[in-house]
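I am opening a notebook on this structure. The entries below follow the order in which I looked things up.

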Amino acid sequence: MLGVQMVKLEHVTKEFDDTIVVDDLNLDIKAGEFLTLLGPSGCGKTTTLRMIAGFEKPTSGKILLNGNQVDDMEPYKREVNTVFQSYSLFPHMNVYDNVAFGLKMKKVGKEEIKERVTKALKLVQLEEYGTRKPKQLSGGQQQRIAIARAIVNNPKVLLLDEPLGALDLKLRKQMQLELKHLQQTLNITFIYVTHDQEEALTMSDRIVVMNKGKIEQIGTPREIYEKPRTRFVADFIGQTNILDGNVSAVNGDMATLELADQTIEIPNSSEVALKEHAFLSVRPEKMKVSNTPIEGPINLKCTFKEKIYVGSVTKIVVRLSDGKELTINESHENIAELTNNNDVYVSWNPENAVMLIK
Amino acid sequence: MRKSFKKAYLLLSPSLFWLTLFLVVPVIFIAVISFTTNGDFGAIIYKFSTKAYASAFSSLYAKVIWQSIWWALVATIVCLIVAYPFAYFIAHAGKWKNLLLLLVMVPFWTNLLVRLYSWIILMNNKGVINNVLMDLGIIKEPLALLYSPGGVIIGLVYGFLPFMILPIYSSIEQLDKTFLEASEDLGARPIKTFLNVTLPLTFPGILAGFIITFVPAISVFVVTDLFTGGKLLMVGNVIRDAFLVEMNWQLGAALSLLLMVLVLLSLMLFMRFTNRKDRKLLT
Ligand SMILES: Nc1ncnc2c1ncn2[C@@H]1O[C@H](COP(=O)(O)OP(=O)(O)O)[C@@H](O)[C@H]1O
Ligand SMILES: [Mg+2]
């Protein structure tokens, strides 16, 4: 089924009291896709999700669900279900009745309800807990019930608003994989909201990076991580070193970038040729530090500042002549003998540097 | 453990002291008086007697007590029916909320007596209500709105409606709105959301409103006094009369105690009943 369009946002804008919270969003979500809205707190992720669910009306723009325009459709008529951040399990009903609620509202027969609820509870491994009240369950169990309550309705689209935000780290990691597997098993379109970039990279088919109500970039986790288009994306997803300098010359397929008092040759591209000011992003793990320049890759002369052991790698901090600091991740074995305030050379392969558009 | 228990009592002791002084001691007084002998001009003779209870259980007083419970119950139920939509409306009135709440509370600051007088003007035979109904040709003879149980119930409802509105309002106001969204998200139309989520989750407010309306409504005597000129009686009237008119403190005390026990019993019954129903509703 992958490939059929399930959700479409066309120029969707939302204002609250004249403040633009979601700004001209255009998005195509395919059936069976795991799509994540990723961005810092306050960037409009929840509002976007609530517009798809029908709890908020776009100030302008169109929303299509499964090909039908739904802007004026009440939430209870939309074939989407939401897993709320606070779970919102009904406190006066036991687990079974919570999960059965949606089916009861749709007047599904008693026998079928029983069958489907049992199946949903089994899917989240809580079939024994039907008679418990939500408050008798742990946070992780409540989370699973919230998911069961939503998927039991066979929604076309499942909306999840930071569903793992309240869980501790270990449980969160475990649930990330479980949710991913669940989504693959059920083949339901997931629209997932998080501010945790690692979570987004782990779970998603595609990631929509949002900033201040606008889309910064849409792409697969790999594209987002390895080919960030903007400084915001490069910075928000993982860690990176951003070198900004002036393009002083363009000759053929190479361009010259002036960084502090040095120049480096970078591959020319449409972005470079156009701009005087350019930004180059290089991930810490793609850089090396040595006492002498290395033949082949690009070398940048810096001053060694410190090294920090962080378990999996050692972080090396160096300083450019203009004071800007770069961080390099080296595996422990490969670290050269470095002396404080000595000159060192930071090097990387040109293909590991990404030009950013802004 | 033991120590902290003691400490808790120590901290509670001021309130326990006042509670004892103003609640337990008077009740004991009343209980004692109810078993004494009635002397001339209301004198209390400390000689054991159950005569007061014999009269209290006589058919005359039993009828008044039964009538009071019945009227108070009907008035409380009417209050509930009127108050819930009203409270719901206030809770959803946005910026008008505070003003509306103020309007509900204003009558609290005016004496009930004064407020009931204004209803007499509305309800008597030549009052506004009868005039309008007759002018419209809906009725030929003026309705005996006053001097009727219906009038008493109107008075009770009017007098105690705020007691019902406020706790219900507060429970609706405090209801977490995401429960309502969750319900809607799962396909419930607004009426279903109301019946399945809002109503059960605001039940504590209904319960509180029921109790604090019913308890004062059952013993009030100004409504019957003003609206029926003493023609109809509630238990409050006979208790007052026993103390102040007949100078029979023993009877007044016995009736008071009886009323207290009845109210407590009916509240316990009510709570039991609702709890059980609650449980049924939830499982
Ligand atoms: N109902 C509302 N009224 C006014 N402002 C709102 C409302 N809902 C959200 N906002 C504002 O919109 C912005 C985006 O909110 P939200 O979509 O919740 O962000 P996110 O989920 O990405 O953290 C925030 O600045 C928030 O204060
Ligand atoms: Mg949010």
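What percentage of the 358 residues of chain A count as buried? I looked this up and found 51%. I note at the start that this is a predicted model.

Entry on chain A. I listed its secondary structure and got 9 helices and 20 strands. I then took the extent of the chain along the principal axes, and the C-alpha atoms of chain A fill a box of roughly 75 × 45 × 40 Å.

Entry on cavities. I searched for cavities of 30 Å³ or more, and the count came to 1. The largest cavity holds about 50 Å³ of space. Which residues line the largest cavity? From chain A I wrote down A:Thr82, A:Val83, A:Phe84, A:Tyr87, A:Ala146, A:Arg149 and A:Ala150. From chain B I wrote down B:Ala182, B:Asp185 and B:Leu186. The lining of this cavity thus draws on both chains.

I next sorted that lining by element. Strand β6 (80–83) and helix α4 (139–151) of chain A, together with α8 of chain B, each supply at least two residues. Which element gives the most to the lining of the largest cavity? It is α4(A), with 3 residues. Sorted by class, the lining of the largest cavity has 7 nonpolar, 1 polar and 2 charged residues.

Entry on the second largest pocket. I found about 260 Å³ of space in this pocket. The residues that line it are B:Tyr88, B:His92, B:Lys177, B:Leu180, B:Glu181, B:Glu184, B:Pro190, B:Thr193, B:Phe194 and B:Thr198. On chain B, α8 (177–185) and α9 (190–201) each supply at least two residues of this lining. Helix α8 of chain B had already come up in my notes on the largest cavity. How many residues of each class are in the lining of the second largest pocket? I counted 4 nonpolar, 3 polar and 3 charged.

Entry on the surface. I looked up a nonpolar surface patch and found that it covers about 880 Å². The patch is made by B:Tyr9, B:Leu12, B:Leu16, B:Leu19, B:Leu23, B:Val24, B:Ile28, B:Val32 and B:Tyr46. I picked out B:Val24 for a further look, and its place is in helix α1 (residues 2–34) of chain B. Why can B:Val24 be called partly exposed? Its relative accessible area is 37%, and partly exposed means the range between under 20% for buried and over 50% for exposed.

Technical notes:
Residues numbered from 1 in each chain as written. Chains lettered and ligands numbered in written order. Predicted model: local features only at pLDDT ≥ 70, side-chain atom pairs only at ≥ 80, totals over all residues. Heavy atoms only, no water. Patch = residues over 30% accessible without salt bridge, like charges linked within 9 Å, V, L, I, M, F, W, Y side chains within 5 Å. Areas by Shrake-Rupley, 256 points an atom, 1.4 Å probe, with all protein chains shown as cover. Salt bridge = Lys/Arg side-chain N within 4 Å of Asp/Glu carboxyl O. Helix = DSSP H or I, 4+ residues; strand = E, 2+ residues; numbered from the N terminus. Buried < 20%, exposed > 50% of the residue type's maximum accessible area, 1.4 Å probe, protein only. 1 Å grid on protein atoms, 1.4 Å probe; cavity = no way out; pocket = protein on both sides within 12 Å on 5 of 7 lines; lining within 4 Å. Points joined across faces, edges and corners; volume = space filled by probe spheres on them. Nonpolar A, V, L, I, M, F, W, Y, C, P; charged D, E, K, R; others polar.
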